[in-house]
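Have the model open in a viewer with secondary structure assigned and residue selection ready. The stops below go from one strand to the next and end inside the fold.

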Amino acid sequence: IFIHDAETGAILDINQKAVEMYGYAPEEMRELSVEAISEGTPDYSQEEALRRLKQAGAGSPQLFTWRCKDKSGRLFWAEVNIKRTVLGGMPRLLAIVRDITGRKELD
């Protein structure tokens, strides 16, 4: 699970499963852009991530596959589900990210 700022898309917090999946501590992750933990090609870029975050922030939940990159540089596939929410009285985006590499390899 990732919590993003609804205005900027910045990563505000992650849960333990995200720590294990990406290899970054929450403090490290807060310093990274989405592109830093993505493949970085045009389909998996900061610009595309911000477009999807903005759509979710406007009230249109997003569900899509994404090519991710962990701290060691390993690429993996994820299913990403982003929804607008309010946490602590502040508008936030909740992103649930699941590693689906095994499923993609069967396709």
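Begin with strands β1 and β2, which are antiparallel to each other and paired through 3 bridges. The model is a predicted one, so read each stop as a description of that prediction.

**Stop 1: the hairpin of β1 and β2.** Select H4 and I11; I11, in β2, is the bridge partner of H4. Then move to the hairpin, where 5 residues sit between the two strands and G9 has a positive phi near 80 degrees.

**Stop 2: the side chains of β1.** Which residues of β1 point the same way as F2, and which the other way? F2 and H4 share one direction, I3 and D5 take the other, and all are buried.

**Stop 3: from β1 to β5.** Show β1 as residues 2-5 and β5 as residues 90-99; the two run antiparallel and are joined by 4 bridges. Select L93 in β5, and H4 stands opposite. H4 therefore has a partner named in β2, I11, and L93 opposite in β5.

**Stop 4: β4 and β5.** Add β4, residues 75-87, which pairs with β5 in the antiparallel sense over 10 bridges. Two partners to pick out are R98 for E79 and R92 for T85, with R98 and R92 both in β5. The hairpin here has 2 residues between the strands, and G88 takes a positive phi near 60 degrees.

**Stop 5: the whole sheet.** Colour by strand and read across: the order is β2-β1-β5-β4-β3, an open sheet of 5 strands with antiparallel pairing. Because β2 (11-14) and β3 (62-69) have a single partner strand each, they stand at the edges, and one side of each is left without a neighbour in the sheet. From one strand to the next, the twist averages 30 degrees.

**Stop 6: R92.** Return to β5 and select R92, which is found in that strand. Is R92 buried or exposed? Its relative accessibility is 17%, so R92 counts as buried, the cut-off being under 20%. Leaving out residues up to four places away in sequence, R92 touches I3, H4, D5 and A6, along with L12, K83, R84, T85 and L87. T85 in that list is also the bridge partner of R92.

**Stop 7: helix α3.** Select residues 46-57, helix α3. This helix lies across β1, β3, β4 and β5, and runs at about 150 degrees to β3.

**Stop 8: the cavity.** Rolling a probe the size of a water molecule over the atoms shows where empty space is left. How many cavities of 30 Å³ or more does the structure hold? There is 1, and the largest cavity has a volume of about 190 Å³. Select H4, V34, W66, V80 and V97, which lie nearest its centre among the 16 residues of the lining. At least two lining residues come from each of β1, α3, β3, β4 and β5. By class, the lining of the largest cavity consists of 13 nonpolar, 2 polar and 1 charged residues.

How values were computed
Residues are numbered from 1 along each chain as its sequence is written. This is a predicted model: local features need pLDDT of at least 70, side-chain atom pairs count only at pLDDT 80 or more; totals for chains, interfaces and linings use all residues. Side-chain values use heavy atoms; hydrogens and water are left out. Two strands pair if DSSP finds at least two bridges between them. Axes are lines fitted to C-alpha atoms, for helices over the stretch in contact, and angles run from 0 to 180 degrees between N-to-C directions. Contact means heavy atoms within 4.5 Å. On a 1 Å grid over the protein atoms alone, a cavity is a set of points where a 1.4 Å probe fits but cannot get out, and a pocket is an open set with protein on both sides within 12 Å along at least five of seven lines; lining residues have an atom within 4 Å of a point. Grid points are joined across faces, edges and corners, and a volume is the space filled by probe spheres set on the points. Ala, Val, Leu, Ile, Met, Phe, Trp, Tyr, Cys and Pro count as nonpolar, Asp, Glu, Lys and Arg as charged, and the others, Gly among them, as polar. Buried means under 20% relative accessible area, exposed over 50%, partly exposed in between (1.4 Å probe, protein chains only).
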